[in-house]
Amino acid sequence: MIKLSAKLMDIDYRGVMLNREDARKTGVLDGDRIQIINQERGASVQAVVTTTETIIQEGTVGIFYVTNKRLDAKEGETFEIRVADRPVSIDYIKKKMDGGKFTSDETFSVVKDIVNDVLSPGEVSAYITGSYINGLDMDEIEYLTRAMVSTGEQISFGSHPIVDKHSIGGVPGNKITLLVVPIIAAAGLKIPKTSSRAITGAGGTADLMEALCPVSFSADEVRNMTEKAGAVIVWGGATNIAPADDRIITHEYPLKIDARGQMLASVMAKKYAVGADLVVIDIPVGEHAKVRNPEEGRKLAREFIELGERLGMRVECALTYGDSPIGHAIGVNLEVREALKALEGANIPGSLIQKSTSLAGIALEMAGKAQNGEGGKLAEEILKSGKALEKMKEIIKIQGGNPDVKSDDIVPGSHSYDINAPESGYVVELNNSSLITIARTAGAPNDHGAGIYIHKKKGNHVKKGEPIFTIYADRPWRLESALETGRRLMPVIVEGMMIDRIPSDYWRNSRQL
Ligand SMILES: O=P(O)(O)OC[C@H]1O[C@H](OP(=O)(O)O)[C@H](O)[C@@H]1O
Ligand SMILES: Nc1ccnc(=O)[nH]1
């Protein structure tokens with residue numbers, strides 16, 4: 001054991017940094033774990049070590065920002081440093097990588113170690129990849145859901161039912177939560193909606209809502225705001241509700257994957273932790289969506305319903321059209337503007353309003369606010385009457401945003417480029433996955449102005465030279481990269497359009513590469 005004095009490092013990362021000499025004395029290598037202890041304060045955390053020759057001097061331990069949120073060290077404070085045991089959860093992760101099955105205790109051990117930052121980013125990725133490749137059965141998914149809930153805070157409300165809604169994601173432009181939640185709340189129901197940020201997409205609901213108001217709140221604040229306004233739309237990752245979820249999503253995001261077992265647990269843990277009784281799940285189905293065909297969709301729906309039964313929640317699922325983007329806008333500001341326009345009563349064509357009112361309608365029927373088959377109509381009435389807009393303003397206000405915000409206040413990025421039709425014809429393909437890649441390359445979701453506005457959707461006729469879609473970015477170099485990606489991926493195909501021209505010397509040239 002050695003004693004070192006703390007140096008706080010303002011780096012948004014987990015772990016600690018040791019001088020190589022101190023690491024040698026302690027007996028740890030880069031990537032090993034140490035326990036940092038202050039006996040007097042009773043403060044102690046485990047952390048993964050990074051070693052350095054020069055950045056941290058001997059006698060000092062550098063503590064990264066995220067780890068210090070738990071340790072609360074002051075600059076110069078003295079800590080005992082001990083080698084920490086290798087966590088047993090790593091053996092469980094290996095077992096899953098080899099095709100084994102997690103027990104309840106093993107799952108809890110992995111989740112607890114993720115939440116307490118005991119596992120390194122590589123180990124968390126191995127856990128996700130192992131589960132992604134070998135799958136989790138329904139028992140393992142239930143264990144995971146319960147472990148995610150029990151390692152965080154839970155909310156309970158005085159009156160019931162508590163309604164909730166969640167989409168598994170995977171379809172670009174899916175801003176429907178910004179309509180569904182205020183419609184349900186305007187009908188007098190409580191809906192404490194927690195969302196994640198983008199996982200495979202170009203803007204999760206938490207990212208979108210952040211363009212209108214703060215989204216980071218404690219579990220207590222979520223409860224109090226929901227009691228007052230009937231609803232919130234907040235970022236689950238900030239609440240300490242199912243805190244493992246956000247850690248897992250952080251590792252899924254760069255890979256654009258959403259492992260099925262983790263997805264079920266991620267969604268349902270958030271519902272269970274807020275005390276939901278009635279839950280509607282949106283399962284977009286489409287060639288480039290997370291669920292490829294209706295059979296797979298029905299199977300996933302059964303799993304959501306079964307998991308709900310095991311946890312005491314009534315779940316209904318809607319298989320929705322996921323072959324094309326929802327509405328016309330993809331990316332934070334573009335989507336928020338489109339959602340606000342719909343709430344303001346603008347005549348937005350097609351999928352956005354229809355999808356939102358159908359989903360909200362199911363929740364209204366489940367809660368007994370409408371007869372079976374009448375929910376969608378009631379939801380539409382609530383939307384058209386302006387009551388959903390009023391409720392949305394109340395939600396924005398209670399979360400600390402400007403309730404008088406108008407759709408036109410939310411503007412897309414100042415750098416844009418129109419992609420025009422090379423031929424006249426019908427749009428026969430809009431590749432969701434490529435659209436997302438282009439929007440992300442343009443800067444979405446972090447750059448709020450970045451994204452894509454689609455002028456012509458599948459089945460629409462377009463004349464040669466007319467814009468099919470416009471790419472927006474906040475920074476010019478991001479627009480350049482997005483354009484390059486767009487040219488490579490060709491996300492839209494117009495009937496009759498030449499897809500590529502392969503010159504006769506193609507093979508010779510490609511061999512030279
Ligand atoms: O990035 P991809 O994987 O498309 O989807 C993730 C989005 O789907 C869910 O939406 P909601 O909270 O039901 O609106 C999540 O919370 C998140 O916002
Ligand atoms: N894995 C997930 C998919 C969609 N929403 C979530 O919160 N989590």
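This report describes the fold, the domains and the two ligand surroundings of a predicted model.

**Overall fold**

The protein chain contains 20 helices and 18 strands, and its C-alpha trace spans about 75 × 70 × 45 Å along the principal axes. A compact globule of 513 residues would have a radius of gyration near 24 Å, and because the protein chain has 25 Å, its value agrees with that expectation. Buried residues account for 52% of the 513 residues in the protein chain. Among contacts between residues at least 6 apart in sequence, 77% join residues that are at least 24 apart.

**Domains**

The protein chain is divided into domain 1 (2-83), domain 2 (89-135), domain 3 (163-400) and domain 4 (411-494). Between the C-alpha centres of domain 1 and domain 3 there is a distance of 40 Å.

An unreviewed UniProt entry carries the annotation "domain: Pyrimidine nucleoside phosphorylase C-terminal", which covers residues 426-493. Over residues 426-493 the chain is 35% helix and 29% strand, and the C-alpha atoms at the two ends are 8 Å apart.

**Helix H7**

Helix H7, which runs over residues 177-186, is mostly covered, with 10 of its 10 residues buried. Among the buried residues of H7 are Thr177, Leu178, Leu179, Val180 and Val181, as well as Pro182, Ile183 and Ile184, and the list also includes Ala185 and Ala186. Just after H7, glycine 188 adopts a positive phi of about 95 degrees.

**Ligand surroundings**

Around ligand 1 there are 15 residues, of which Gly169, Ser195, Ile199, Gly201 and Gly204 come nearest. Strand S7 (163-167) and helix H8 (205-209) are the elements that give two or more residues to this shell around ligand 1.

Ligand 2 is surrounded by Ile168, Gly169, Ser196 and Ile199, together with Asp258, Met263, Ser266 and Val267. Gly169 and Ile199 are thus named in the surroundings of ligand 1 and also in those of ligand 2.

The make-up of each shell by residue class is set out below.

| Shell | Nonpolar | Polar | Charged |
|---|---|---|---|
| Ligand 1 | 3 residues | 11 residues | 1 residue |
| Ligand 2 | 4 residues | 3 residues | 1 residue |

In the shell around ligand 1, the 11 polar residues stand beside 3 nonpolar and 1 charged, whereas the shell around ligand 2 has 4 nonpolar residues beside 3 polar and 1 charged. The charged residue in the surroundings of ligand 2 is Asp258.

Notes. Residues numbered from 1 in each chain as written. Chains lettered and ligands numbered in written order. Predicted model: local features only at pLDDT ≥ 70, side-chain atom pairs only at ≥ 80, totals over all residues. Helix = DSSP H or I, 4+ residues; strand = E, 2+ residues; numbered from the N terminus. Rg over C-alpha atoms; globule rule 2.2 N^0.38 Å. Buried ≥ 20, exposed ≤ 12 C-beta atoms within 10 Å, placed from the backbone. Contact = placed C-beta atoms within 7 Å. Near = placed C-beta within 6 Å. Nonpolar A, V, L, I, M, F, W, Y, C, P; charged D, E, K, R; others polar. UniProt positions renumbered as here; feature names shortened; annotations may be inferred. Domains from an automatic or database assignment.
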